[in-house]
Amino acid sequence: MTAPRIEVAVRAEAQLGEGPAWDPSAGRLLWVDILSARIHTFDPADGRRTVMATEQHVGAALPRAGGGLVVNLRDGIGLYGPGGDFSWLVRDPVPGRRGNDAAVAPDGALWAGSMRYDETPGGGTLIRVAPGAPGAPDTAAGTVTDTRPVTVGNGTGWSPDGRTMYYIDTPTGRIDRFRADTHSPGEPLVDEGPLATIEPGAGHPDGLTVDADGCVWVALWDGAAIRRYTPDGELDRTVELPVRRPTSCAFGGPELRDLYITTARVGVAAPHPLTGSLLVLPDAGQGVPDTPFAG
C-alpha cells in the first residue's frame, strides 16, 4: 500500500541525516547530520528547532536518563551533560572508522554500530556499552562481530516484549533477529535467523524502528521507501517517498503516532528538493516509548 500523506517536518539539506529519536522529557525529536557533525532537535508543538555542532562526525544522539545526551562519535561514545559539558565514555579511535547508528536496549544499555568510511567489508563493529561503566564498556555485542563480521553496523531495535533484538548490517541486505531476553554479557547472542531479506533492486536496509504491534519499519537506502514487516516477516506496508535515500525512521509526537524519517543528500547526483529534509508520516501507527541511556 502506498501512503500519499508524507509531509515535511523540517526542510533541510542534510548531507547524511540519520538517527531520529523521540525525547519525551523535552517533547522533541532528535536527529543528526553525520557528515556535517550536527545534532538537530525539532519540537512539533511549536516548530522550534536547534542545531548543535559536535567536534567529530556523529552517528547518533540519544537521551540519557539523567538529562543530556549519549552520542556515537567518530572515535567512540561520548556524553553530554544537561548543561552541555562533554566527556568520553568509551574512546577507541581507529583511523578510517566512524560511529554510525545506535540504540538503547530495554535494560538501558547502548548498542552502537560503526563502519569504515570506505565501507571495507568486516571493518565495522557492534558494541554494547553497559550503564555506569566509564572507560570499560561491556562489549558482549562483540560476539556478533566475532560470528559474522560487521561492515556497516546499522539499525537496531527490540520487540515490545524485549525478547527479540533486530539488527541490520546493511550490505547483507537482511534484517536479522537475535534472542534478547536470555542474553547475558559475555555470552554469544542466539541467532534466530533473518526476519526479512530485501530483494535486489529494492534498496538497502538502513535504520529501523519497532512499533507497538511488534512490526519492524525499515528505511531503504536507494529504495525511496519505508517498509513495515510483521513479526512473522511478512511485508505489510510500503510507504513510497519522493527522495531516493531515506536513512532511518522513528515514532514521535506526544502520543508516538507520527513516523519521522531522516534522509540524505550525499551521493545523489540530481537531488529532489526535499532530499536531506526531515519528513513525517502523520498517524502512521503506534510507537513504543524508547528507554533512555542509563549511563
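In strand β3, Val32 is the bridge partner of Glu18, and that pair is a friendly place to start a walk through this predicted model.

## Two hairpins around β3

Glu18 belongs to strand β2, which covers residues 17-23 and is joined to β3 by five bridges, with the two strands running antiparallel. Together β2 and β3 make a hairpin with four residues between them, and Gly27 in the turn has a positive phi of about 60°.

Now follow the chain onward. Strand β3 is also linked to strand β4 (residues 38-42), again through five bridges and in an antiparallel way. Here Asp33 stands opposite Arg38 in β4. These two strands form a hairpin as well, with four residues between them, and the turn residue Ala37 has a positive phi of about 55°.

The table sets the two hairpins side by side.

| Hairpin | Residues between the strands | Turn residue and its phi |
|---|---|---|
| β2 and β3 | four residues | Gly27, about 60° |
| β3 and β4 | four residues | Ala37, about 55° |

How much of strand β3 is buried? Five of the six residues of β3 (residues 28-33) are buried, so the strand is largely enclosed by the rest of the structure.

## An open sheet of three strands

Next comes an open sheet built from three strands in the order β10-β11-β12, with antiparallel pairing. The edge positions go to β10 and β12 (126-129), and each has a single partner strand, so one side of each is left without a neighbour in the sheet. From one strand to the next, the twist averages 25°.

Look at one of the pairings in detail: β10 and strand β11 (residues 110-116) are joined by six bridges and run antiparallel. Among the residues taking part is Val104, whose bridge partner in β11 is Leu110.

## The second largest pocket

Where might there be room between the atoms? Rolling a probe the size of a water molecule over the atoms shows where empty space is left. The second largest pocket holds about 480 Å³ of space. Its lining has 24 residues, and the closest to the pocket centre are Met115, Glu119, Val152, Thr170 and Trp221. Two elements, β10 (97-104) and β17 (204-210), give two or more residues to this lining. Which of the elements gives the most? That is β17, with three residues. By type, the lining divides into twelve nonpolar, seven polar and five charged residues.

## A closer look at Trp221 and Thr230

Trp221, one of the residues closest to the pocket centre, sits in strand β18 (residues 216-221). Is Trp221 buried or exposed? Its relative accessible area is 17%, and the cut-off for buried is under 20%, so Trp221 counts as buried.

Leaving aside residues up to four places away in sequence, Trp221 touches a long list of others, including Leu16, Gly203, His204, Asp206, Arg244 and Val266. Val243 makes a nice comparison of sequence and space: Trp221 and Val243 are 22 residues apart along the sequence, and their C-alpha atoms are 9.6 Å apart.

Thr230 lies in the loop between β19 (225-229) and β20 (235-240). This loop residue is buried, with a relative accessible area of 17%. Not counting residues up to four places away in sequence, Thr230 touches Leu195, Cys215 and Asp236.

Methods
Residues numbered from 1 in each chain as written. Predicted model: local features only at pLDDT ≥ 70, side-chain atom pairs only at ≥ 80, totals over all residues. Heavy atoms only, no water. Buried < 20%, exposed > 50% of the residue type's maximum accessible area, 1.4 Å probe, protein only. Contact = heavy atoms within 4.5 Å. 1 Å grid on protein atoms, 1.4 Å probe; cavity = no way out; pocket = protein on both sides within 12 Å on 5 of 7 lines; lining within 4 Å. Points joined across faces, edges and corners; volume = space filled by probe spheres on them. Nonpolar A, V, L, I, M, F, W, Y, C, P; charged D, E, K, R; others polar. Pairing = 2+ DSSP bridges. Axes fitted to C-alpha atoms, helices over the stretch in contact; angles between N-to-C directions.
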